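Work through the exercises below with the model open beside you. Try each task before reading its solution.

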Amino acid sequence: MNYIVLDLEWNQCPYGKEMENKELPFEIIEIGAMKLDSKKQCVGKFTRLIKPVVYKEFHSYTQNMLSLTMKDLKNGESFVKVMKDFLEWCGEEYIFCTWGSTDLIELQRNMKFHGLEPLAQGPFKFYDVQKVFSLVFEEDVKARRSLEYAVDYLNILKTATFHRAGEDAMYTMQVMQKMSYSDMERYYSIDTFQRPKNRKSEVYAIFEKYSKYISKEFSSKEEAMADREVASTRCYLCGKPARKKIRWFSGNGRMYFCQAYCENHGFLKGKIRMKKVSEGTFYVIKTLKLVSKEEALEIKQKQEEVRKKRREKRKNQTP
Ligand SMILES: [Zn+2]
């Protein structure tokens with residue numbers, strides 16, 4: 001297995017969002033990657049500049065951040081050629097490791113724009129080094145630190161500037177070398193650029209403290225929430241259906257919550273994120289987590305708040 005530590009630089013429309021190409025809001029201009037073996041030894045390096053075809057001037061943000069000129073990029077190669085070389089370089093069996101989850105999304109969006117075959121047929125596993133860093137070193141679930149913060153935190157020698165793909169990939173690799181592969185595996189991530197196409201390719205993942213389910217696509221929120229698999233609350237420790245104490249409810253139609261009780265393991269908190277793909281296409285990401293009685297009570301309070309707001313809204317509507 002090869003561990004491919006990937007970093008990308010991209011440009012965006014210099015004339016603002018209204019003028020951008022909706023199919024390609026971020027155009028990749030540089031790919032940098034490091035290859036690690038199973039002992040975390042660096043066994044390869046890949047850095048290439050890409051000649052842009054959509055945005056031929058820099059957005060001010062890109063310009064200020066990158067130490068690159070358009071003249072540099074004009075000497076770059078086509079995205080298709082670079083990707084072909086890159087995927088060949090990755091090898092037969094590999095897993096991506098990135099700082100945050102956006103690089104893989106933009107990589108796949110650029111591949112789609114250029115008519116390349118998708119990286120995978122459905123969701124795939126990767127390591128988000130940024131997320132793992134916070135969990136391992138700061139025991140923080142929500143923090144998302146900058147790469148430079150992590151480099152400083154771990155006393156890694158700063159030998160190059162940040163915000164160039166090759167250098168950022170190298171720093172990400174060095175941060176990763178301070179972690180164990182079992183830590184990475186414990187907190188792995190799932191890329192969902194390609195959603196599950198059908199029931200069979202839906203994702204069920206069990207982590208230490210929660211379970212995650214990624215559904216196939218539905219044509220409405222209502223259809224998704226009416227689906228038995230989506231609504232189910234199986235305990236991820238014993239696999240038994242946990243009885244719902246509070247049915248799925250939502251305040252804003254984007255997040256849904258529920259509370260269930262497993263006879264063997266206690267209270268479960270259910271959370272569904274409703275993801276809109278396009279008009280008439282939705283899928284859900286459901287997480288179930290065993291929680292204390294106090295945390296379970298918070299769900300009850302949340303439900304009451306939602307009900308109260310709804311009542312007030314109704315009252316205000318009546319003339
Ligand atoms: Zn259980």
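**Exercise 1. Find how far apart the C-alpha centres of domain 1 and domain 2 lie.**

Solution. This is a predicted model. Start with the bounds: the domain assignment gives domain 1 as 2-189 and domain 2 as 197-317. Next, take the C-alpha centre of each domain; the two centres lie 32 Å apart. For scale, the C-alpha trace of the chain spans about 60 × 50 × 35 Å along its principal axes.

**Exercise 2. Work out the strand order of the open sheet of six strands, then name its edge strands.**

Solution. Read the order across the sheet: S7-S8-S12-S11-S10-S9. The pairing is antiparallel. Now look for strands that pair on one side only: these are S7 (203-206) and S9. On average, neighbouring strands of this sheet are turned by 15° against each other, direction ignored.

Check one pair. S8 (residues 211-214) and S12 (residues 281-290) are joined by four bridges in the antiparallel sense. Within this pair, Ser211 stands opposite Leu288 of S12.

**Exercise 3. Describe the hairpin formed by S9 and S10.**

Solution. First, the strands: S9 covers residues 243-250 and S10 covers residues 255-262. They run antiparallel, with five bridges between them. Second, a bridge partner: Ser250 is matched with Tyr256 in S10. Third, the turn: four residues lie between the strands. Gly253 sits in that turn and has a positive phi of about 80°.

**Exercise 4. Test whether the span of helix H11 agrees with its number of residues, then decide whether the helix is buried or in the open.**

Solution. H11 (residues 293-317) has 25 residues. The expected span is 1.5 Å times one less than the number of residues. That gives 36 Å for H11, and its end C-alpha atoms are 37 Å apart, so the two agree. Now count burial. One of the 25 residues of H11 is buried, so the helix lies largely in the open.

**Exercise 5. Locate the nonpolar cores, and list contacts of Ala169.**

Solution. Begin with the largest nonpolar core, which has 37 residues. Val5, Ile28, Cys97, Val129 and Ala169 have the most contacts inside it. Take Ala169 and leave aside its neighbours within four places in sequence: its contacts are then Val5, Leu6, Asp7, Gly32, Ala33 and Met34. Apart from the largest core lies another, of 10 residues, including Phe218, Val230, Tyr256 and Tyr283. Tyr256 is also the bridge partner of Ser250.

Finish with the whole chain: 28% of its 319 residues count as buried.

Note on methods: Residues are numbered from 1 along each chain as its sequence is written. This is a predicted model: local features need pLDDT of at least 70, side-chain atom pairs count only at pLDDT 80 or more; totals for chains, interfaces and linings use all residues. Two strands pair if DSSP finds at least two bridges between them. Helices (H or I, at least four residues) and strands (E, at least two) are DSSP runs, numbered from the N terminus. A residue is buried if 20 or more other C-beta atoms lie within 10 Å of its own, exposed if 12 or fewer, and partly exposed in between; C-beta atoms are placed from the backbone. Axes are lines fitted to C-alpha atoms, for helices over the stretch in contact, and angles run from 0 to 180 degrees between N-to-C directions. Domain bounds come from an automatic or database domain assignment. A nonpolar core is a set of buried Ala, Val, Leu, Ile, Met, Phe, Trp, Tyr and Cys residues joined through C-beta atoms within 7 Å. Two residues are in contact if their C-beta atoms, placed from the backbone, lie within 7 Å.
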